[in-house]
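The exercises below are to be worked with the sequence and the model open side by side. Each task is followed by a solution in steps.

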Amino acid sequence: MDQAKREAPRVRSLGAPSLAAPSLGLTVRPRRNRQSEWARRLVRENTLSTNDLIWPLFVIEGSEARDVKSMPGVQRLPIEGIVTEARRARDLDIPAIALFPYTEPALRDPNGTEAVNADNLVCRTVRAIKAAVPDIGIVTDVALDPYTSHGHDGVMDGDTILNDETVALLVAQALTLAAAGADVIAPSDMMDGRVGAIRTALDEAGYGHVQIMAYAAKYASAFYGPFRDAVGSNATLVGDKRTYQMDPANSDEAIREVALDLEEGADMVMIKPGLPYLDIIYRVKETFGVPTFAYQVSGEYAMIEGAARNGWIDGDKAMVESLVAFKRAGADGILTYFAPRVAAMLKAVK
Ligand code: PBG
């Protein structure tokens, strides 16, 4: 082969692009519906509203707010501060808040005894909110992890998280919360059979009106890290939660978990985390057609907010886009730390 032929072919410059290209002759042009704001609004398939929001709040003993370092913009608040935020939530048309306590380390023990103290931090907070802001929904978590010295959601025998023994304690915790005035009991522990046991006990104790929102498909996720900072269980957690929380690789198993919780009497089901599990939300809504919620968890919040505060993404736009994604996947509502911020935006555009 001669030298000339082996040379790489030259790319010939096309010069300035011609704007006189021939029409493609398309009949269907999807861009037509996107050409103006009014048209985009008209064909919009999913809408986020304040009705979709549940605001998770962290409560702490004492009188001072304390930052959660891994969740910029989020603080643990004393009871008074929570009541103020409950009022703000009501004024922003947020239907419900969810409460999570930071328990003083001295009150944590292997069996999470403080969980069934009728005067514990969460119970006092529920009563204070009910007295001041009676018309907001209060969701309370059922799980032992804010109360155990080992940071697990259940009680242990050696390395094993005991199921049925834990469920007995969760039932007592649920009754304690219902007695304090919680509207919704949200078991986040992933023990087998806990929804049925809690439903039966609530009904027998005269709390038939109390709703259950089951953390039905809850995955063993790294995205809970900042939450564990907030409630102080990162410092205490021994090992991981993979013997009770789900394997992120599974999808059919989520359908079985949701089916069980519904059979056991769950009124609403939740998938958690949120954005990395949109496929699960979609499948659950398609399969069961029941009220389905997503939890945009602490790590998801931290990623968006952290990047925004560094100037790497537009925080407001990323927030709204992520929340609309849940609606597109079929979620009826979203637990999100962005709730007050997005609610204020939604109210402003009304
Ligand atoms: C406790 C609980 C967790 C979350 C809600 N309830 C953490 C965990 O299971 O370790 C996570 C919420 C979040 O990350 O925002 N059972």
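**Exercise 1. Backbone outliers**

Is Asp93 buried, partly exposed or exposed? Locate the residue and describe its backbone, then do the same for Met190.

Solution. The model is a predicted one.

Step 1. Asp93 sits in the loop that links α3 and β4.

Step 2. Its relative accessible area is 33%. Buried requires a value under 20% and exposed a value over 50%, so Asp93 is partly exposed.

Step 3. Most residues other than glycine have a negative phi. Asp93 is not a glycine, yet has a positive phi of about 70 degrees.

Step 4. Met190 also has a positive phi without being glycine, with a value near 65 degrees. Met190 belongs to the loop between β8 and α6. With a relative accessible area of 4%, Met190 is buried.

**Exercise 2. A cis peptide bond**

Which residues does the cis peptide bond with omega of about -5 degrees join? Place the proline in the secondary structure.

Solution. Step 1. Most peptide bonds are trans. The bond between Lys272 and Pro273 is cis, with omega about -5 degrees.

Step 2. Pro273 is located in the loop between β10 (268-272) and α9 (278-288).

**Exercise 3. Packing of two helices**

How do the axes of helices α4 and α5 cross, and which residues make the contact?

Solution. Step 1. Two packed helices are described by the angle between their axes and the distance between the axes. For α4 (residues 121-132) and α5 (residues 163-180), the axes come within 8 Å and cross at roughly 25 degrees.

Step 2. Angles under 35 degrees count as roughly parallel, so α4 is roughly parallel to α5.

Step 3. The crossing of α4 past α5 is right-handed.

Step 4. On the α4 side, the contact is made by Val122, Cys123, Val126 and Arg127, and on the α5 side by Thr176, Leu177 and Ala180. Sorted by class, the contact has five nonpolar residues, one polar and one charged.

**Exercise 4. The two sides of a helix**

Which residues of helix α12 are buried, and which are exposed?

Solution. Step 1. In α12 (residues 339-349), the buried residues include Ala339, Pro340, Val342 and Ala343.

Step 2. These four span an arc of only 165 degrees around the axis, so they lie on the same side of α12.

Step 3. Ala348 and Val349 are exposed on the other side of α12.

Step 4. The buried residues pack against β1 (53-60), α3 (79-91), α11 (315-329) and β12 (333-336).

**Exercise 5. Two buried residues and their contacts**

What do Ala98 and Ser188 touch, leaving aside residues up to four places away in sequence?

Solution. Step 1. Ala98 is part of strand β4 (residues 96-102), and its relative accessible area of 2% makes Ala98 buried.

Step 2. The contacts of Ala98 beyond four places in sequence are Ile54, Trp55, Pro56, Leu57, Val139 and Leu335. Leu57 is 41 residues away along the chain, with 6.0 Å between its C-alpha atom and that of Ala98.

Step 3. Ser188 is found in the loop between β8 (184-187) and α6 (194-204). Ser188 is buried, at a relative accessible area of 2%.

Step 4. With neighbours within four places in sequence set aside, Ser188 contacts Asp141, Val142, Ala143, Asp153, Arg194, Tyr215 and Lys218.

Definitions and conventions
Residues numbered from 1 in each chain as written. Predicted model: local features only at pLDDT ≥ 70, side-chain atom pairs only at ≥ 80, totals over all residues. Heavy atoms only, no water. Axes fitted to C-alpha atoms, helices over the stretch in contact; angles between N-to-C directions. Parallel < 35°, antiparallel > 145°, perpendicular 65-115°, else oblique. Left-handed = near helix turned anticlockwise from the far one by under 90°. Contact = heavy atoms within 4.5 Å. Nonpolar A, V, L, I, M, F, W, Y, C, P; charged D, E, K, R; others polar. Buried < 20%, exposed > 50% of the residue type's maximum accessible area, 1.4 Å probe, protein only. Arc of directions from axis to C-beta.
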